[in-house]
Amino acid sequence: MAVAEAAHVRPSLADRLARMIAQDGPLSQAEYMAICLHDPSDGYYATRPALGAEGDFITSPEVSQMFGELIGLWAIEVWRALGAPPRVVLAELGPGSGALASDLMRAARLDLEFLSAVELWLVEASPVLQARQAQRLSAHAPRFAARIDDLPQDAPLIVVGNEFLDCFGARAFVRREGRWHERRIGLDEDGRLAFGLAPPPSGFEAPEDAPEGAVFEVSPAQTAVAAMISQRLAAQGGASLLIDYGRAEPDFGDTFQALRAHQKVDPLAAPGCADLTIHVDFPGVAEAMRAAGADVSPIVTQGAWLESLGLQQRAEVLSRARPDLADTLRRQVERLTAPDQMGALFKVLVAYRGPSDPSPMHEP
Ligand code: SAH
């Protein structure tokens, strides 16, 4: 009986990773992250994504409905700038719980012409989240694509992605004793997952002036996604809005982190059970988008961007209608914009390509 039961026990993701490493050698941090997030049977997003106050991490659309509503107003403005085309593909990348899209579509009712032009697409890798999004957004009949590649090519495109790029891993390089090493994930003497150092791959472009101990992250996956979006904008016309935590200037720093129940945890402790992220390299993303054909805005902070879109005024209007919520709304504004909360660490990058340029960039 015990033997028969044991035959059905699937090895854990940690065990499978250990076996993989024993066979093929240590994994890069980017490979490790992709497996932990997207392994079809045990990956975090594939099986147990937990967003929101009760979950592992909280995002701006979960903090306040005003976030998605203002993005809705931005989308209307972009659509007008594009010449109000009769059909526009509005695609959200990694919609999570569907909160942003739902708030955006509510704001879209302010412009019925826009609303009737919109074809809502959701780019989502996780089947669990696709099901949640389909239910929450059923009134808007969303269509799903697993990849950006699968979005329609025959209409202008408005792309929105909040905390999407941070899911694409980076390789990490460490400066030690005057030399560069790649940090990889291998096994310790007891066969458990452990960080180790290996020689960097050939062709590694070492940054200059790195102090001892510096960590340098490189994310070809982030820049590839950015380039793909930009190519689409250049070919179809449209705009993209990418919001994420990350750096506005090239810099060193180890930003690989795991979050579980709002606590930072060891990223190697329980693969597949925590959300893994890295900071977005906005200068690299902006450069990739520029090279692929779109015009790119300056990188601005989330606080400045939301203020330029009228967050404060929106909160005041809502507070007048619902004085009982005034305190809550004030706290939400603070959370989204204060420099010591989400206002400064989060950055906004807009890319645009269209027939006219009535500056939908909102440079503060
Ligand atoms: N935008 C939401 C959720 C952020 S979490 C919010 O702000 O609340 C990241 C989202 O991106 C999840 O929906 C996750 O399943 C999705 N995702 C991560 N990597 C992806 C990939 N490679 N392709 C498509 N979706 C991905």
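A crossing of two helices is called right-handed if the near helix is turned clockwise from the far one by less than a right angle. In this predicted model, that is how helix 6 passes helix 13. Helix 6 covers residues 65-81 and helix 13 covers residues 311-321. Their axes come within 11 Å and cross at roughly 120°. Angles of 65 to 115 degrees would count as roughly perpendicular and those over 145 as roughly antiparallel, so helix 6 and helix 13 end up oblique to each other.

As for who touches whom, helix 6 puts in Gln 65, Met 66, Glu 69 and Leu 70, while helix 13 answers with Leu 311, Arg 314, Ala 315 and Leu 318. Sorted by character, the residues of this contact come out as five nonpolar, one polar and two charged.

Turning to the cysteines, a search of the whole structure turns up zero disulfides. Cys 36 is in no disulfide, and the nearest cysteine sulfur to it belongs to Cys 273, 9.2 Å away. A disulfide calls for a pair of cysteine sulfur atoms within 2.5 Å, so that spacing of 9.2 Å does not qualify. Cys 36 is also buried, at a relative accessible area of 1%.

Cys 167 is likewise in no disulfide; here the nearest cysteine sulfur is that of Cys 36, and it sits 13 Å away. With a relative accessible area of 15%, Cys 167 counts as buried, because the cut-off for that label is under 20%.

How values were computed. Residues are numbered from 1 along each chain as its sequence is written. This is a predicted model: local features need pLDDT of at least 70, side-chain atom pairs count only at pLDDT 80 or more; totals for chains, interfaces and linings use all residues. Side-chain values use heavy atoms; hydrogens and water are left out. Axes are lines fitted to C-alpha atoms, for helices over the stretch in contact, and angles run from 0 to 180 degrees between N-to-C directions. Helices (H or I, at least four residues) and strands (E, at least two) are DSSP runs, numbered from the N terminus. Angles under 35 degrees count as roughly parallel, over 145 as roughly antiparallel, 65 to 115 as roughly perpendicular and the rest as oblique. Contact means heavy atoms within 4.5 Å. Ala, Val, Leu, Ile, Met, Phe, Trp, Tyr, Cys and Pro count as nonpolar, Asp, Glu, Lys and Arg as charged, and the others, Gly among them, as polar. Buried means under 20% relative accessible area, exposed over 50%, partly exposed in between (1.4 Å probe, protein chains only).
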